[in-house]
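The following exercises are to be worked with the sequence and the coordinates at hand. Each task is followed by a solution in steps.

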Amino acid sequence: MYGTFWALLPPIVAILLALITKEVYSSLFIGIIVGGVFYATSFEGTINHIFSDGLVASLSDSYNVGILVFLVFLGAIVCLMNKAGGSAAFGKWASTHIKSRVGAQLATVLLGVLIFIDDYFNCLTVGSVMRPVTDRNKISRAKLAYLIDATAAPICIIAPISSWAAAVSGFAPEGTNGMWLFIRAIPYNFYAILTIIMMIGMAVCKLEFGPMARHEKNAIHGDLFSGEAIMASDDEEVKGHGKVIDLIVPIIVLIASCVIGMIYSGGFFSGENFVNAFASSDASVGLMLGSFAALVICIAFYIIRRVLPFRDCMDCITEGFKAMVPAITILTLAWTLKGMTDSLGAAEYVAALVDSGAKSFMNFLPAIVFVIAAFLAFATGTSWGTFGILIPICLKVFPLESGNPLAIICVSACMAGAVCGDHCSPISDTTIMSSAGAQCNHINHVSTQLPYAISCAVVSFITYLVAGLVQNAIVSLIVGIILMAVVIAMAKVILSNRNSIVSLDDEEATE
């Protein structure tokens, strides 16, 4: 079966099962089992290949372990900030300085952009910080949930210093600098960039359409929830009496520590310049060392300020670990499935297919990959599982060493499509956590967000068609921005007299 179509069957089985069952853990594991059965000729050989060569090998790899340690430290820091009361204190401060609906929305977007380390970090922080601000300015909880969700994964996927960058880097082929691959893909991540542009444009233009329009109209008249029950909050119990500084300092320390850790791993302190050091950095080592340093500093900071006692700080480590278990599980299974596919010679088979023909439609592959990734992530509710399945396949079709620019474009299309599907999916962890962070009814969040996400996805799809033809990030992005501006302008002009849109200018004037 080596180097034949059978080599692709394990990820295909994982994809089909994920689409049918909408459950990613068992789907990935069954795909792993299929790979083990195909590789070995006996039951004993299958078991050894699955666990020894697959699961244990992926967990014993130093790079992979470093990523998992980073996730644990990150979860602990998030727990510390929430329990210390820094998030709540910042929300109270901001509510006295932001006086308009536009300002509250832009402030929420800005905070979401600044908290780019991790999407869980984003959802757990932005909601608790901005709820008092948006409530005071009569913004619906559904709109707050959308702003949280749209600044979680879409921001993390274009931030080099994030858990998502580390995860994507882990799927790079051996001998390839995963962080450099991630950085090169950022300009082609059209869905994430266009989502940010869409949020800002709609806030400034005071534009809402679809179900969100009704929620915003109700909020202006005092009903933030449109009559629906409030979803229970998943926020950590606040035990400290923290101030704004107890949120700002840990975030600054975390970002600075991770940057220093990254350039250290790239040889900056051995004489390399900053750009080269960052490009050649080891994401696993840099993020692990940076997050550990930030955790130690944060614990010392809270103890010295007497915001949290030492015992509560230690409890946050285990609680943070628990919060990251789903991400750790997905990564481990995805890495193992990648190992099964590699052991069956999928790279050789796909390379032979590409060489034998079908190159006439290769320029359309970025758009096709975007749609496949979006559909898979929507069905399974996970971006990382989609990365684990599709990125290795993209790199087998277009090996990086070939120098074909479509390799980077297709990888970025996979990342963007996975974020898009995750953004739309009602079973996505990020979607659920955004509802909880905003204390919004989950069905309301999904139904109001979907028209916005689909609009951005359509523009992104067209932009990937252009990117596949011109193979230039700047030209493609300009086309995407123009298309997004046209969509917003058309919605403002054409729908302004229909019931599906709210004239927020008139409503605010009445208030």
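Helices, as the term is used here, are DSSP runs of type H or I with at least four residues, numbered from the N terminus. The model is a predicted one.

**Exercise 1. Overall composition**

Task: State how many helices and strands the protein has, and what percentage of its residues count as buried.

Solution. Step 1: the secondary structure comprises 26 helices and zero strands. Step 2: the protein has 511 residues, and 57% of them count as buried. Step 3: the accessible surface amounts to about 19800 Å², with 68% of this belonging to carbon and sulfur atoms. Step 4: among contacts with a separation of 6 or more, 81% are accounted for by residues 24 or more positions apart.

**Exercise 2. A nonpolar surface patch**

Task: Determine which helices each supply at least two residues of the nonpolar patch, and which helix gives the largest share.

Solution. Step 1: the patch on the surface is formed by Phe29, Ile33, Val37, Phe43, Ile47, Phe51 and Val56, which together have about 620 Å² of accessible area. Step 2: helix H2 (24-39) and helix H3 (43-60) each contribute at least two of the patch residues. Step 3: H3 provides the largest share, four residues. Step 4: valine 37 can serve as a check, being located in helix H2. Patch residues must have over 30% relative accessible area; valine 37 has 44% relative accessibility and counts as partly exposed.

**Exercise 3. Two residues in helices**

Task: Classify alanine 14 as buried or exposed, do likewise for serine 460, and list what each touches beyond four places in sequence.

Solution. Step 1: alanine 14 belongs to helix H1 (residues 9-21). Its relative accessible area is 1%, and therefore alanine 14 is buried. Step 2: outside its neighbours within four places in sequence, alanine 14 contacts Ser27, Leu28, Gly31, Leu337 and Ile389. The C-alpha atoms of alanine 14 and tyrosine 25 are 9.5 Å apart, at a sequence distance of 11 residues. Step 3: serine 460 is part of helix H24 (residues 442-470). With a relative accessible area of 0%, serine 460 is likewise buried. Step 4: setting aside residues up to four places away in sequence, serine 460 touches Phe190, Tyr191, Leu194 and Phe370.

**Exercise 4. Packing of H11 and H22**

Task: Describe how helix H11 and helix H22 pack, giving the angle and the distance between their axes.

Solution. Step 1: two packed helices are described by the angle between their axes and the distance between the axes. Step 2: for helix H11 (residues 178-185) and helix H22 (residues 406-424), the angle is about 80° and the axes are 9 Å apart. Step 3: H11 is therefore roughly perpendicular to H22. Step 4: H11 makes the contact through Leu181, Phe182, Arg184 and Ala185, and H22 through Ile408, Ser412 and Met415.

**Exercise 5. Positive phi**

Task: State where lysine 138 and lysine 206 are located.

Solution. Step 1: lysine 138, although not a glycine, has a positive phi of about 60°. Lysine 138 occupies the loop between helix H7 (119-136) and helix H8 (141-150). Step 2: lysine 206 also is a residue other than glycine with a positive phi, near 55°. Lysine 206 sits in the loop between helix H12 (190-205) and helix H13 (211-220). Step 3: lysine 138 is partly exposed at 33% relative accessibility, and lysine 206 is partly exposed at 25%.

**Exercise 6. Salt bridges**

Task: State how many salt bridges the structure holds, and explain why the pair of glutamate 319 and lysine 83 ties together parts apart in sequence.

Solution. Step 1: the structure contains six salt bridges. Step 2: one of them joins the side chains of glutamate 319 and lysine 83, at 3.0 Å from N to O. Glutamate 319 is in helix H17 (residues 310-323) and lysine 83 in helix H4 (residues 62-84), so this pair links parts 236 residues apart in sequence. Glutamate 319 is partly exposed at 26% relative accessibility, whereas lysine 83 is buried at 3%. Step 3: glutamate 208 and lysine 143 form another, with the closest N and O atoms 2.5 Å apart. Glutamate 208 lies in the loop between H12 and H13 and lysine 143 in helix H8, so parts 65 residues apart in sequence are tied together. Both glutamate 208 and lysine 143 are buried.

Technical notes
Residues are numbered from 1 along each chain as its sequence is written. This is a predicted model: local features need pLDDT of at least 70, side-chain atom pairs count only at pLDDT 80 or more; totals for chains, interfaces and linings use all residues. Side-chain values use heavy atoms; hydrogens and water are left out. Patches are made of residues with over 30% relative accessible area and no salt bridge: like charges are joined within 9 Å, nonpolar side chains (Val, Leu, Ile, Met, Phe, Trp, Tyr) within 5 Å. Accessible areas come from the Shrake-Rupley method with a 1.4 Å probe; for residues, only the protein chains shown count as cover. A salt bridge is a side-chain nitrogen of Lys or Arg within 4 Å of a carboxyl oxygen of Asp or Glu. Buried means under 20% relative accessible area, exposed over 50%, partly exposed in between (1.4 Å probe, protein chains only). Contact means heavy atoms within 4.5 Å. Axes are lines fitted to C-alpha atoms, for helices over the stretch in contact, and angles run from 0 to 180 degrees between N-to-C directions. Angles under 35 degrees count as roughly parallel, over 145 as roughly antiparallel, 65 to 115 as roughly perpendicular and the rest as oblique.
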